Structure formats: structure tokens, C-alpha cells
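Me: I would like to go through the cysteines and one sheet of this structure. Short answers, please.

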Amino acid sequence: MAYEKIFTLGKKKYSGEVNVECSLGLESDEEILKVLSTNARATISLPQTTGNEVVYNGNVNVCLIFAGKDAKIGSTQSVCPFIFKQQIDSAENKIVYGKATISETKVESVTATGVKIVCTVLVETYVFSNGGIQVYVPEDESIISKLCEVSTYKVGTQQTSNMVETVELTAKYPIKKVLCSQNNVVIKNSVADNNIATISGEIQTNVVFIQDDETQKISNLSTTTPFRQEIEVASLKKEDKIEAYAKVIAEKEVQTINGNKLNIEIPLELFILPFESQEFTSVCDLFSLENEIKTTTESFENTTPLGSEYFEQKIEASLTLPENEPRVDKFLTSLGQKVKITSAYVNDGSLILEGVAETNVVYVNDEMDSIHSVLVEIPFVTQARTEMDDNAMVLCEPTLTDFEVMVKRGRDVFVDAKIKANCNFTKKEDDSVISKVELGDELATHDEAIQIYFGKAGEAIWDIAKHLKISPQIILEQNPSLSDPLEQDTKIVIYFQKK
């Protein structure tokens, strides 16, 4: 008996949370009267793996905007390091990718000179592994095999690429101080070619600043900057699948103010996972013309990368301020936008994204001569057409852009925004192959010259042949009018010895 080994792709997800404490202080004579907004972002390095443990070194980058004395607005920032350890089945000979997001931010304490914040970081770990299974290869002419085409994938060596994009913004008035900048990145397209992966997308920048004029007014600027990067990936072929991920390394951003112009150097890290396909012919059923036969079947989980798609969807919400909140007399800006996908799935040709977006609306109340903020949450369910299968698993990297806020009658707040997301799709299916064949006792020989078999409508020629221990080709040659499967109850005549 002949055998060969084929590879298979496995994928598992692990997740866990870690609380990171951040202390933010003031470096000037400013004084914190009220926290208006916190904007936190988590980044993690490529993991270190040993045995059953994955270790990440990460940072939480926090920008806090506050109301100070004399109705002035100030800000303070901090980078808070953390270590996260994730237990997995095994990290040996596996590719590991991790992503970190802020699931919750709590202001623990506020003093005139500092704020303590606790950020809950959700770390998701995706483990890709290449397995191997033995399959039977038909060579014995006395064994009749039914063949099936099978496709599998294996993950190649991941590739990381770093780049820096410069974003340019121009304000109407000179910029005195940048309070906070929020930069997000989304991949729009990823293309595999021979030894090259081309990744394109956009950087989304929102900057809150104080104008350098007599009013010391708060304002904001927003822009999107496209990028494109070609990355060398050894052994990559045009027909292979790739998954691409991108993140902003916020702690390494560099800002330069020149009058009314602001340049921000934004470092990006791109992560490429290549998947090589294998097409092979497997024996999915067999029988012997001469012997009883025993087969061993091996089951395996077959993970198939389906590719990625880019989506844009508009969302909106409204909020009426409670009576105990000061009314809105003047809208200033919106801060700390973020979006969380709680569920992503494909149903009847549509990608469904469910989640919550949020922003802090900062405003002035004239009666109290004070600055206030209110958190606006936007629950959403979006739907977009997709070519992916209904049972596909979905991993989306969402961003939030194009925020617009309108206030009516001092208490009714209307918000709309746009979600942009790059989604990677995979499919898991349980499959099996015949991995071992053993011959048993010899079959009895046919003494009769003919045999008559009464086939039933819908019965397949293969099933009839296996039952009679006769080659399907012989059945069709001797009964050329047969359809497969049988269209009606049919008498089939088998000649064992031609006269």
C-alpha cells in the first residue's frame, strides 16, 4: 500500500484582559477642575513564545483633556507599559498574531495636579498551525477507488514591515497647542503577487488644538491620508491568500507646529500572514474486487482563508441631556472617538456588524460660564453585501471617522459618523480522509455467468458496484443505457463470462 502526507491549517483564538494603571500629572501651573475626555489606545509588540505561554510587551497611550481655571482647556498625556501573558495549548512551530484594544477606561481619582486612570486592555491571540495527515494513494488495480478533490492551506512565515507616513494639516488660525491627536489606520486592499504583497489603506487623523489668537479657542482638524506599501514575502505566489493587519505606534508619533500648519509623523507596523494552497486528490471511498477490506479514516479540521473585504457604513444616534446636566449653549468639539464590534457574521449574502461607537461631546454652558462634556454612545447594526459564505468566521479591524455633531434646543444632541473596516474571513470545516487500508480474506469467486440486480430510483452506480464488488466501468459498459444516479427502478444485468 502507498501513502503520502498532506498539510492542513489550524486556527485557534485565545483572549484575556489586563488592567493597566496610568497616572497623568501636570508640568505647568495649570489646575484640573474637571475631566472632559480620555482617549486611550493599546499597542502590543510581536509576541515571545515559550512552551505553552505567549508573552506580550505593550503600552497604553493616554491623552486626557480637562477643564481648568478661567474656563481654559488643557491636556496631559502618558505612556503606561504593561506585560500580558496568555496560556495556549502549545506555541511550538506555530504562527502567533495578537491585537490589543481598550475595552474600558475608568477615572479612579482626580486632584488639582493629576489624574489616575485604569484601562482594561483586551488582548486577543490568534494561533495558526500547520498539521499533517497521512492519506492512502491508490496503486493496486484490484482496489477500486472513488476520488475526491480536496483543498488545504498552510501558513507561511509571517512578515512585518515598518513605515512612517507624514500627515499634513492646515488650520485657519495659527496653532498654539495640540491637546490630543487621534490617528487610526485601516487597510482597504491587500494583494498577493510573486514574492510581493501590496498593502494599501488610509490613515485617519483627528486633532484637537487651541488656536493662537485672542480667544484661545478650542478647535479641531480632521483628514485622511492614503498609503501604499510593497512588502517582500519569500515564496509568496499570486494564487496564495494573505491576511494583512496594520497598527499605529502611537508612542512614537512626532508633531511639528509651524504657524497654522501641523505635521505629524505617524509610524505604522504592517503584519502579513501568507497562506499557501494545496490541491490534491483523495480517496473518499473504496472496495476490493478480490478481498475483504478494512479502512482507517482520519478526521481533521480544515481551515480555509477566504480573503478580505473592505466596508464603509454610516451610523447615527441622538441623545437628550438629562435635566440635571447643564444645557448646551455652544458646541466646542467631539473627543475620544472609538468603536467596538461585539458581533460580526455573514447571513444570506450580507455581512452583519453589531457594536457600539462613542464620543465625548464638549460644550459651553453660558449660564454657569463653564465647560462640560457628555458621553454619546451609538449602538449600531450595519449590513453590507458580501461574496463570503454564510458559515465564514469574521475578524474585523474597525475605525470611526467623519464625526458630525449637531445640537438643538440646548438638550438634543444628534451624532452621525462612518465606520470603516477591513474584515478577514476564514472557514472551518470538519473533513476526513482514508489514511490506512488493510486487505482481509479473499472474496468468493462468481460461479454464475450472469447476475441480475434490481436498482432503485436515485441509487448511484458507485453504491451498486460496491455492493456487487464489480467495477463501475463494467456495469456501465454492459448496461450503456443507465443513468447515474438511476432515474427509475431498473433491472441491471451483469455478465461474468461473455459467450
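Me: Numbering the bonded cysteines of the protein chain in sequence order, what is the pairing?
Reply: This is a predicted model. The structure holds four disulfides. With the bonded cysteines counted in sequence order, the pairing is 1-3, 2-5, 4-6, 7-8.

Me: How many residues apart are Cys22 and Cys80?
Reply: A disulfide joins Cys22 to Cys80, with S to S at 2.2 Å. Cys22 sits in strand E1 and Cys80 in strand E5, 58 residues apart.

Me: Is Cys80 buried or exposed?
Reply: Buried means under 20% relative accessible area. Cys80 is at 5%, so Cys80 counts as buried.

Me: Which parts does the link of Cys148 and Cys284 tie together?
Reply: The S to S distance of this disulfide is 2.0 Å. The link is right-handed, with 70° about the S-S bond. Cys148 lies in one strand and Cys284 in another, so the pair ties together strand E8 and strand E15.

Me: Which cysteine sulfur is nearest to that of Cys119?
Reply: Cys119 is buried, at 0% relative accessible area. A disulfide needs sulfur atoms within 2.5 Å. Cys119 is in no disulfide; at 5.0 Å, the nearest cysteine sulfur is that of Cys22.

Me: Which strands are the edge strands of the open sheet E17-E18-E19?
Reply: The three strands pair antiparallel in that order. E17 and E18 are joined by 14 bridges. Each edge strand pairs on one side only; they are E17 and E19.

Me: In E18, what is the bridge partner of Leu335?
Reply: Strand E17 covers 330–347. E18 covers residues 350–365 and runs antiparallel to E17. The partner of Leu335 in E18 is Asn360.

Notes. Residues numbered from 1 in each chain as written. Predicted model: local features only at pLDDT ≥ 70, side-chain atom pairs only at ≥ 80, totals over all residues. Heavy atoms only, no water. Pairing = 2+ DSSP bridges. Helix = DSSP H or I, 4+ residues; strand = E, 2+ residues; numbered from the N terminus. Buried < 20%, exposed > 50% of the residue type's maximum accessible area, 1.4 Å probe, protein only.
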